[in-house]
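Visitor: I should like a close look at a single part of this structure, namely the sheet. Please describe how the sheet is put together and what its strands contribute to the rest of the chain.

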Amino acid sequence: MTATAETPTQTGLRQQVLVLYLASSALDSRTVGWSTYDGTGETHPTTGDSDEPPYVTGLDALKDGWRLFQASQLNPPYPGHEYDVSFLKHEFFFEKLV
């Protein structure tokens, strides 16, 4: 008899994703931008639907049970472009299975 791992959809679990953009690469730095996605379909968050971030820091999200699964790569700016305005580069992806 072979054991097989159940997928989240077989167990009824769905994924929620939280994307936090932090002021620096440290998880305890303040949140400056965020996005949420709900695979359960129970909520339908949209951009700009809140003036307050869901968590003050990435560490606060960890403490609340979110699992960190990706952090953006740290790349130094190209010489002469240290002060260019561009994308938010300190991006952290968290998930919860509910």
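Guide: A residue is called buried under 20% relative accessible area and exposed over 50%, and partly exposed in between. With a relative accessible area of 21%, K96 is therefore partly exposed. The model under discussion is a predicted one.

The sheet itself is open and consists of four strands, arranged in the order β2-β1-β4-β3 with antiparallel pairing. The edge positions belong to β2 (31-38) and β3 (67-71); each has a single partner strand, so one side of each lacks a neighbour in the sheet. From one strand to the next, the twist averages 20°.

Strand β1, which covers residues 15-22, is joined to β2 by seven bridges, and the two run antiparallel. Within this pairing, Y21 lies opposite G33 of β2.

The sheet also takes part in the largest nonpolar core, a group of eight residues made up of L18, L20, L22, Y55, A61, W66, F92 and F94. At least two residues of this core come from each of β1 and β4 (91-97). The most is given by β1, whose share is three residues. One member of the core, L22, can be followed through its contacts: leaving aside residues up to four places away in sequence, L22 touches L27, S29, R30, T31, V32, G58, H90 and F92. Of these, F92 is itself listed in the core.

Charged side chains provide a further set of links, for the salt bridges number two. In one of them, D64 pairs with K96, and the closest N and O atoms are 3.8 Å apart. This pair connects distant parts of the chain, since D64 sits in the loop between α1 (58-63) and β3 whereas K96 belongs to strand β4, 32 residues apart. D64 has 41% relative accessibility and so counts as partly exposed; K96, as stated at the outset, is partly exposed at 21%.

In the other salt bridge, the side chains of E95 and R67 meet at 2.4 Å, N to O. Here too distant parts of the chain are linked, with E95 in strand β4 and R67 in strand β3, 28 residues apart. E95 counts as buried because its relative accessibility is 11%, while R67, with a relative accessible area of 45%, is partly exposed.

Note on methods:
Residues numbered from 1 in each chain as written. Predicted model: local features only at pLDDT ≥ 70, side-chain atom pairs only at ≥ 80, totals over all residues. Heavy atoms only, no water. Pairing = 2+ DSSP bridges. Axes fitted to C-alpha atoms, helices over the stretch in contact; angles between N-to-C directions. Core = buried A, V, L, I, M, F, W, Y, C linked by side-chain atoms within 4.5 Å. Buried < 20%, exposed > 50% of the residue type's maximum accessible area, 1.4 Å probe, protein only. Contact = heavy atoms within 4.5 Å. Salt bridge = Lys/Arg side-chain N within 4 Å of Asp/Glu carboxyl O.
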